[in-house]
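Q: Here is a structure that I have not seen before. Please take me through it, and give the grounds for each term you use.

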Amino acid sequence: MSRPLRQVHLAAHFPGVNSTTVWTDPSSGSQIDFASFEHFARNAERGLFDYVFLAEGLRLREHKGRVHELDVLGRPNTLAVLAGLAAVTEHVGLVGTLSTTFNEPYELARQLATLDHLSGGRAGWNAVTSSDAFHGANFRRGGYLDHADRYERAGEFAALAKRLWDSWPDEGPRADPASGVFLDEGTPSRVRHTGAQFDVDALFDVPRSPQGRPVIVQAGDSADGRSFGAEHAEVIFSLHAEFADAQDFYRDVKGRLAERGRTEESLKILPAATFAIGDTAEEARERSREIALQQVRPETAIAYLEQIWNRDLSGYDADGPLPDVEPDTGSELTHGWANRHAAVRARVDRLRGIAEADRLSVRELVIRLTAQHTFVGTPGHIASEIDRYVQERATDGFTVVGHLTPHGLDEFAERVIPLLQERGSYRSGYEEGATLRDLLGLPSPVRGDVPAGAR
Amino acid sequence: MPEQVHVAVALEGAGWHPAAWRDPSARPRELVSPAYWRELLRTADDAAIAFATVEDALSLPVRGEAEPAPGHVGGRLDAVLVASFAAPLTRRIGLIPTVTTAHPEPFHVATGVQTLDHASRGRAGVRLVVGAPPAEVANFGRRSDAISGLPASGRVEDSPEVLAAFREAGEFADVLGRLWDSWQDDAIVRDVATGRYLDADRVHRIDFEGEFFSVTGASIVPRSPQGRPIVTALAHQSVPYRFAAEHADVVFVTPRSAADAAGIRTELDAAPRAAGTPLRVFADLLVLVEESRSEARAAKARLDALAGAPLASDARIVAGTPDDVVEEIRALAAAGVDGVRLRPARLPRDLLAIAERVVPRLNAADALLDAAADTLRGRLGLPRPESRYAREKALS
Ligand SMILES: Cc1cc2nc3c(=O)[nH]c(=O)nc-3n(C[C@H](O)[C@H](O)[C@H](O)COP(=O)(O)O)c2cc1C
């Protein structure tokens, strides 16, 4: 008898505010209207996805004090959208990216517990640490947090949130009208925590939610990030989607679980992946190329280089060679884009090397730099690739990112999902009353497994 | 022509009577269930109620005590998220969650309420609550300036801490307004020919520097249907009246009588006001409704006995028939308030009574003010504000 197939897990990423999203396409809709999110989530539910996934915006991206004009900019508040989606969906999980640096544990824990109640146990939290003075400028605490302290705060934050969620009994308040006892004495239990980042003496005010604890997702990649993931995460949203690299990452992270008393099934790894579907391989390749050209228009390509060069390059031709001027490594930093001040010059040299070796124009180079992992091919090819990754333990599935709002995953759900079902590695329906934790095949949280001083 | 008023409701747990959860109609184990809030808000929506406030706090609902009293309701949901959940489930009603100004980030609150405004197509507001009681401060552990109550005089101006809390709340409201204005209505241009999604000149940093906050902005959310969602506050005396007049669109007051209401209205009208728009004054009434006065009195006495003390409230209590409630409302209308906010003593029972017995009677008496409008602002007869940054640019 053959071994049972490992099951594919899929998350649906709402296209965000970056050059992935093709707003110039005539079928592209609003990034803000709730109707877009509703369509997206309902389609994800038709495709039997595990969850829909929203990023978080804490500040508009800008360059030299001016906000980006060329890409989609602006998005709604993550938690508020997810609470609305809880009302119009029944089964699909609702996962939001929410910073540990610019929130407080008590407040965020109660918001997540609220979302878990409102959705009947479908809430998840992508705990990110994003912290710099640029984002901090919008918050009370400011940009005070050192890079090194981010994961200290994240660890204390997650541990404290778990203890708050655990502080109510499973059965909720007694609420016995006859005796007049609403809360038994000692309910909820008091949560005292004194650490480097937080010092609280808390009585949590949201009763135990359907999942006990919302699912914790994580997306950091540094050594600290991976430790945090191994300690707290139940899903990792990684950027490691090339097969060999994905397998290495998978082994590394899952290998860290045993020493923490965790099983392999207690953590799922779902890297981001985009796709381009065609009726033939050739058509799919053409489609992929078209999408890339829509994503990186000539003005987008020049603007991208301006981030790196830190100077006006508007006189240069996107279809020509890289600018021959040197970057401005002066004082002002570009923000909201993955730029590292110190390494600007080295980076420019490296880019020149790549462009010369492969004879790339500015636009071709930028397409290569911004490309995410993409499945390109017929629906059959994409389904078999996804399945191969999962059966061969490179991933547990994918976080699928479309390039259109809000219809970006419609075609994927219609054409790829049925083939995964045929292969026997994807669910054929939601189980009634399943929580997000159930959909992901995660174990139930063990109350009290968080030591008081835990990081 | 009779005086007309708006009718709003204030939703709190099992109701505003501390023993309401022991009423036979109560569903005390469902206070955190989606079905409970869906039903309450749909009932209010169907009844043509102008808006519902959703009460909240960042601690167990214990007033000034270190440990929760076993007989009191403990446990609730985040109000902004309850309102966001209700947005796609309702059609006309304004949704006004409560937010305290001492802990949350104004940036998060601004974007959350803007998102509620987008999702509800212009029906969002927020009720700001000033200050941080000790239980909240302990939950956050972030500040040392807990406020355990008013000074012995009962007057806000005699407490430097409370005055500071009002200044902080003023800044909080100011930051909300600026963030809401930070995108002009027409900032998204989607000009395929030039490749411009947005016109950067129509998105503005707020660069706010105050005593309590500094927030750079702009908001991450484009301008919402109402431009600025409705800001509301509850106020009982002069300093809060001035706070409300300066920063709010709607103020909830607690007159002891119709004459008192007229006096409050006069004081509010004299207070300095930043916005060029009128301030809407709503009188709060705590209502327990039965078909006869004796039944209402008996029901209240039963709950009082269960609670171990007669109901105490900052708002006037009306335990009576639907007609009694209508009479109270009409007297307040005659005294010059723009609306009433009814606090149901028991949920869902008194909300149903308001929806089925009180509102129709007001309507029949032509005493219900209900402008046909798409947004909450329009419904309250308030103009849609232009972004201050658009205005500044036009002037410069
Ligand atoms: C795939 C991926 C997606 C991320 N999405 C967000 C996001 O939406 N918002 C955010 O503030 N940070 C986001 N981050 C930032 C990370 O959560 C984390 O804070 C950052 O990568 C620094 O951690 P590290 O040094 O461990 O990588 C993302 C990171 C990754 C790898």
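Q: In which helix of chain A does Tyr151(A) lie?
A: The model is a predicted one. Tyr151(A) belongs to helix α5 of chain A, residues 150–165.

Q: What makes Tyr151(A) count as buried or exposed?
A: Its relative accessibility decides. Buried means under 20% relative accessible area. Tyr151(A) has 11%, so it counts as buried.

Q: Which residues does UniProt list for "binding site"?
A: The unreviewed UniProt entry lists Thr97(A), His147(A), Tyr151(A) and Ser222(A).

Q: Which of the residues around the ligand come nearest?
A: There are 15 residues around the ligand, and the nearest are Thr129(A), Ser130(A), Tyr151(A), Ala219(A) and Ser222(A). By kind, the shell holds six nonpolar, six polar and three charged residues.

Q: What makes the pair between Ser222(A) and the ligand a polar contact?
A: A polar contact is a pair of N or O atoms within 3.5 Å. A polar side-chain atom of Ser222(A) is 2.5 Å from an oxygen atom of the ligand, so the pair meets the cut-off.

Q: How do you know that Asp221(A) and Arg150(A) also qualify?
A: The cut-off is again 3.5 Å. For Asp221(A), a backbone N or O atom lies 2.8 Å from an oxygen atom of the ligand. For Arg150(A), an N or O atom of the side chain is 3.3 Å from an oxygen atom of the ligand. Both distances are within 3.5 Å, so both are polar contacts. As for cover, the ligand taken alone exposes 620 Å², of which the protein buries 76%.

Q: How do you know that β5(A) and β6(A) pair?
A: Two strands pair if there are at least two bridges between them. Strand β5 (residues 93–99) and strand β6 (residues 123–128) of chain A are joined by six bridges and run parallel, so they pair. Within this pairing, Thr97(A) has Asn126(A) in β6(A) as its bridge partner.

Q: Why do β11 and β13 of chain A stand at the edges?
A: The open sheet has ten strands with parallel pairing, in the order β11-β10-β9-β6-β5-β2-β1-β14-β12-β13 (chain A). β11 (268–269) and β13 (374–377) of chain A each have a single partner strand, so one side of each has no neighbour in the sheet.

Q: Why is strand β1 of chain B called largely enclosed?
A: Six of the six residues of β1(B), residues 6–11, are buried, so the rest of the structure largely encloses the strand. His6(B), Ala8(B) and Ala10(B) are buried on one side, and Val7(B), Val9(B) and Leu11(B) on the other.

Q: Which strands pair with β1(B)?
A: Among them is β13(B), residues 339–344, parallel to β1(B) over four bridges; there Ala8(B) has Arg341(B) as bridge partner. Another is β2(B), residues 51–54, joined to β1(B) by three bridges and also parallel. Ala10(B) is bridged to Thr53(B) in β2(B).

Q: In what sense do β7(B) and β8(B) pair, parallel or antiparallel?
A: Strand β7 (residues 205–209) and strand β8 (residues 214–217) of chain B pair in the antiparallel sense over three bridges. They form a hairpin with four residues between them, and Glu209(B) stands opposite Ser214(B) in β8(B).

Q: What makes Val215(B) count as buried or exposed?
A: Val215(B) is in strand β8 of chain B. Its relative accessible area is 2%, and the cut-off is under 20%, so Val215(B) is buried.

Technical notes
Residues are numbered from 1 along each chain as its sequence is written. Chains are lettered from A and ligands numbered from 1 in the order in which they are written. This is a predicted model: local features need pLDDT of at least 70, side-chain atom pairs count only at pLDDT 80 or more; totals for chains, interfaces and linings use all residues. Side-chain values use heavy atoms; hydrogens and water are left out. A residue is near a molecule or strand if one of its heavy atoms lies within 4 Å of it. A polar contact is a pair of N or O atoms within 3.5 Å; within protein, one must be able to donate a hydrogen and the other to accept it, and residues adjacent in sequence count only if both atoms are side-chain atoms. Accessible areas come from the Shrake-Rupley method with a 1.4 Å probe; for residues, only the protein chains shown count as cover. Ala, Val, Leu, Ile, Met, Phe, Trp, Tyr, Cys and Pro count as nonpolar, Asp, Glu, Lys and Arg as charged, and the others, Gly among them, as polar. Helices (H or I, at least four residues) and strands (E, at least two) are DSSP runs, numbered from the N terminus. UniProt positions are given in the numbering used here, feature names are shortened, and annotations may be inferred rather than shown by experiment. Buried means under 20% relative accessible area, exposed over 50%, partly exposed in between (1.4 Å probe, protein chains only).
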